Amino acid sequence: MKAFFLELLKVGIYKRNQGRITRQITGAVVALLVAVAAWRLSSEMLIAYHSLVRYGVSGLLLVVGLWAAYRLVNLPQFADFLIAVEAEMAKVSWPQRTELIRASAVVLLTIFALAAVLAGFDLVWLTVFRWIRIL
């Protein structure tokens, strides 16, 4: 546990050039969540507290949260995971446009067909339940 807190106080970037895009996106999303949390806390404290307390607590949460978001993507274990994710995503073979359109059409037609089947079952059971006077 002590090593974790010591790691949070470091300033350097772990493996600077590896997994850069994934780490930047992950850090930005975590920072956005922290910013929204600080804003929501500030708006919830609007009536009950003086503005100095409200902005002070929210600002402190924002600063600590942004630092934690920055350090999170530079923790060796988490950074290695994000580096591996970016490496695996580079190996993915993405479909061509026509293949994507055909596969999407198959999925949409299957969804509509299943919805029609379920609607048919619903109508049948509704009729049966009305016939035996449950509904």
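The legends below describe close-up views of a predicted model.

**View 1. Packing of helix 2 against helix 4.** The axes of helix 2 and helix 4 are 8 Å apart, and the two helices pack at an angle of about 120°. That angle makes helix 2 oblique to helix 4. The contact is made on the helix 2 side by Arg20, Ile21, Thr22, Arg23 and Thr26, and on the helix 4 side by Phe78, Ala79, Leu82, Ile83, Val85 and Glu86. The crossing of helix 2 past helix 4 is right-handed. Helix 2 comprises residues 20–44, and helix 4 comprises residues 76–91.

**View 2. Surroundings of Thr22 in helix 2.** Thr22 belongs to helix 2. Its relative accessibility is 17%, and Thr22 therefore counts as buried, the cut-off being under 20%. A polar contact of 2.8 Å joins the side chain of Thr22 to the side chain of Glu86. When residues up to four places away in sequence are not counted, Thr22 touches Leu82, Val85 and Glu86. Leu82, Val85 and Glu86 also appear among the helix 4 residues that make the contact with helix 2.

**View 3. Thr26 and its polar and non-local partners.** Thr26, like Thr22, is a residue of helix 2. A polar atom of the Thr26 side chain lies 2.8 Å from the backbone oxygen of Thr22. Thr22 is thus shown with two partners: its side chain makes a polar contact with that of Glu86, while its backbone oxygen is placed 2.8 Å from the Thr26 side chain. With neighbours within four places in sequence left aside, Thr26 is in contact with Val73, Phe78 and Leu82. Of these residues, Phe78 and Leu82 are listed among the helix 4 residues in the contact with helix 2.

**View 4. Val85 in helix 4, with Ala37 as a distant reference.** Val85 is located in helix 4, and its relative accessibility of 30% places it in the partly exposed class. Val85 is one of the residues touched by Thr22. Between Val85 and Ala37 the C-alpha to C-alpha distance is 27 Å, with 48 residues separating them in sequence. Ala37 is one of the helix 2 residues that make the contact with helix 3.

**View 5. Packing of helix 2 against helix 3.** Helix 3 spans residues 51–72, and its axis comes within 9 Å of that of helix 2, the two crossing at roughly 170°. Helix 2 is therefore roughly antiparallel to helix 3, as the angle is over 145 degrees. Helix 2 contributes Gly27, Val30, Ala31, Val34, Ala35, Ala37, Ala38, Leu41 and Ser42 to the contact. Helix 3 contributes Arg54, Tyr55, Val57, Ser58, Leu61, Leu62, Gly65, Leu66, Ala69 and Leu72.

**View 6. Leu61 of helix 3 facing residues of helix 2.** Leu61 lies in helix 3 and is partly exposed, having a relative accessible area of 36%. Not counting residues up to four places away in sequence, Leu61 touches Val34, Ala37, Ala38 and Leu41. These four residues are among those through which helix 2 makes its contact with helix 3. The C-alpha atoms of Leu61 and Ala35 are separated by 8.6 Å, although the residues are 26 apart along the chain.

**View 7. Two salt bridges, one in helix 2 and one in helix 4.** The model contains two salt bridges by the rule applied. In one, the side chains of Arg40 and Glu44 meet with an N to O distance of 3.0 Å. Arg40 and Glu44 are four residues apart in helix 2, so about one helical turn separates them. Glu44 is exposed, with a relative accessible area of 55%, whereas Arg40, at 40%, is partly exposed. In the other, the closest N and O atoms of Lys91 and Glu88 are 3.1 Å apart. Lys91 and Glu88 both lie in helix 4, three residues apart, which is about one turn of the helix. Lys91 is exposed, with a relative accessible area of 61%, and Glu88 counts as partly exposed at 45% relative accessibility.

**View 8. Backbone conformation at Arg133.** Arg133 lies in the segment after helix 5 (97–131). Most residues other than glycine have a negative phi. Arg133, which is not a glycine, has a positive phi of about 60°. With a relative accessibility of 76%, Arg133 counts as exposed.

Conventions:
Residues numbered from 1 in each chain as written. Predicted model: local features only at pLDDT ≥ 70, side-chain atom pairs only at ≥ 80, totals over all residues. Heavy atoms only, no water. Polar contact = N/O pair within 3.5 Å; in protein donor to acceptor, adjacent residues only side chain to side chain. Contact = heavy atoms within 4.5 Å. Salt bridge = Lys/Arg side-chain N within 4 Å of Asp/Glu carboxyl O. Buried < 20%, exposed > 50% of the residue type's maximum accessible area, 1.4 Å probe, protein only. Axes fitted to C-alpha atoms, helices over the stretch in contact; angles between N-to-C directions. Parallel < 35°, antiparallel > 145°, perpendicular 65-115°, else oblique. Left-handed = near helix turned anticlockwise from the far one by under 90°.
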